[in-house]
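Visitor: I'd like to learn how to read the strands and helices of a model. Could you walk me through one?
Guide: Gladly; here it is.

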Amino acid sequence: MTKNLFIGSIQINLNEVDSTNNYARQLVRDKTPIEGTLVVAKDQISGRGQRSNSWVSEPNMNLTCSYILRPVFLAAKDQFILSASVALAVFETISALLPNEDVKVKWPNDVLVNGKKIAGILIENVLRGPNLETSIIGIGINVNQVRFPTSLNPTSIKLITDSNVKTAAVLDLLSTQLERFYLQLREGKLDELLGLLNSNLFGSGIVMNLQVNDQIESVIIVGVEKTGELRLEHSNGTQTLHLHHEINWQLKL
Ligand code: BTN
């Protein structure tokens, strides 16, 4: 059980659910769950990913959970830094479990180990005026699953270490790290959080083939801006800023 101040101090354990994000959203609509309430499912049958993708996870094998946050202090224009804080929490969790591996955050908020995806994040924000009101933070971490659809290039803790890890132990680490970075966000350390994200960014400073607005190009990833846009440098030396839907990584992840 977590020793946190509030993140994960109320935990709802479900055997089966369509999506922990859906369940958390319904809780916010029907009740007034306290900030930090955590929903965890053993089996998530219609897990949702970014860009309307699905998130498929074998029952009892992985971590599939959602946290309910109320970041009312955060301006909507700074909402990417919440996403960065969550990515850093997952990054630190995986780094603690796999200290000898190359762990990176792939923009905007996937976590990769040795170039393969181990975790995904789906954040759903509700705004009120110029600020955020509620945020559902959905996190999926591949823990003990070893077989995945061949169309993907995923990995898991078990595939890397060859040993089983209790999902509850991963969850404890995750809640601790999420509280740590969320408190930094609340203290206004936005530049520090963005700096930390950029220093652990997948592909940073490396020439990569990316599909940028339908055209495959060799570009250098310069970094992520406070707005969440990705800054790229082109072969002619010019730099451009991009939103998530403008970039296709040419990687199966
Ligand atoms: C992605 O990489 O596309 C994001 C995947 C997010 C998956 C998690 S699992 C728990 C939570 N509930 C969902 O339906 N999705 C998120």
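Visitor: Which residue is the bridge partner of Arg 231 in E11?
Guide: Bear in mind that this is a predicted model. The partner of Arg 231 is Leu 241. E10 and strand E11, residues 239–242, run antiparallel and are joined by four bridges. Another facing pair here is Leu 232 with Thr 240 of E11.

Visitor: Which residue stands opposite Leu 232 on the E9 side?
Guide: That is Ile 221. Strand E9, residues 215–224, also pairs with E10 in the antiparallel sense, over four bridges.

Visitor: Which side chains of E10 are buried, and which are not?
Guide: The general idea comes first: in a regular strand, side chains alternate between the two faces of the sheet. In E10, residues 230–233, Leu 230 and Leu 232 point to one face and are buried. Arg 231 and Glu 233 point to the other face and are not buried.

Visitor: What should I look for in the hairpins?
Guide: Look at the backbone angles between the strands. The hairpin of E9 and E10 has five residues between its strands, and Gly 228 takes a positive phi near 95 degrees there. The hairpin of E10 and E11 also has five residues between the strands, with Gly 237 at a positive phi near 90 degrees.

Visitor: In what order do the strands of the sheet come?
Guide: The order is E11-E10-E9-E8-E12, an open sheet of five strands with antiparallel pairing. E11 and strand E12 (247–248) are at the edges with a single partner strand each, so one side of each has no neighbour in the sheet.

Visitor: Is Leu 210 buried or exposed?
Guide: Its relative accessible area is 0%, so Leu 210 is buried. You will find Leu 210 in strand E8, residues 207–212. Leu 210 and Val 170 are 40 residues apart in sequence, and their C-alpha atoms lie 33 Å apart in space.

Visitor: Now the helices. How do I check the length of H4?
Guide: Compare an expected span with the model. At 1.5 Å a residue, the 20 residues of H4 should span 28 Å, and the end C-alpha atoms are 28 Å apart, which agrees. After H4 comes Gly 188, whose phi is positive, near 85 degrees.

Visitor: At what angle do H2 and H4 pack?
Guide: Helix H2 (residues 79–97) and helix H4 (residues 167–186) pack at about 140 degrees, with their axes 8 Å apart. The crossing of H2 past H4 is right-handed. Among the residues making the contact are Leu 82, Val 86 and Ala 89 of H2, and Leu 174, Leu 178 and Phe 181 of H4. By class, this contact has 14 nonpolar, three polar and two charged residues.

Visitor: Which residues of H4 are buried?
Guide: They include Val 170, Leu 174, Leu 178 and Phe 181, along with Ser 175, Gln 177 and Glu 179.

Terms used. Residues numbered from 1 in each chain as written. Predicted model: local features only at pLDDT ≥ 70, side-chain atom pairs only at ≥ 80, totals over all residues. Heavy atoms only, no water. Buried < 20%, exposed > 50% of the residue type's maximum accessible area, 1.4 Å probe, protein only. Helix = DSSP H or I, 4+ residues; strand = E, 2+ residues; numbered from the N terminus. Pairing = 2+ DSSP bridges. Axes fitted to C-alpha atoms, helices over the stretch in contact; angles between N-to-C directions. Left-handed = near helix turned anticlockwise from the far one by under 90°. Contact = heavy atoms within 4.5 Å. Nonpolar A, V, L, I, M, F, W, Y, C, P; charged D, E, K, R; others polar. Expected span 1.5 Å × (residues − 1).
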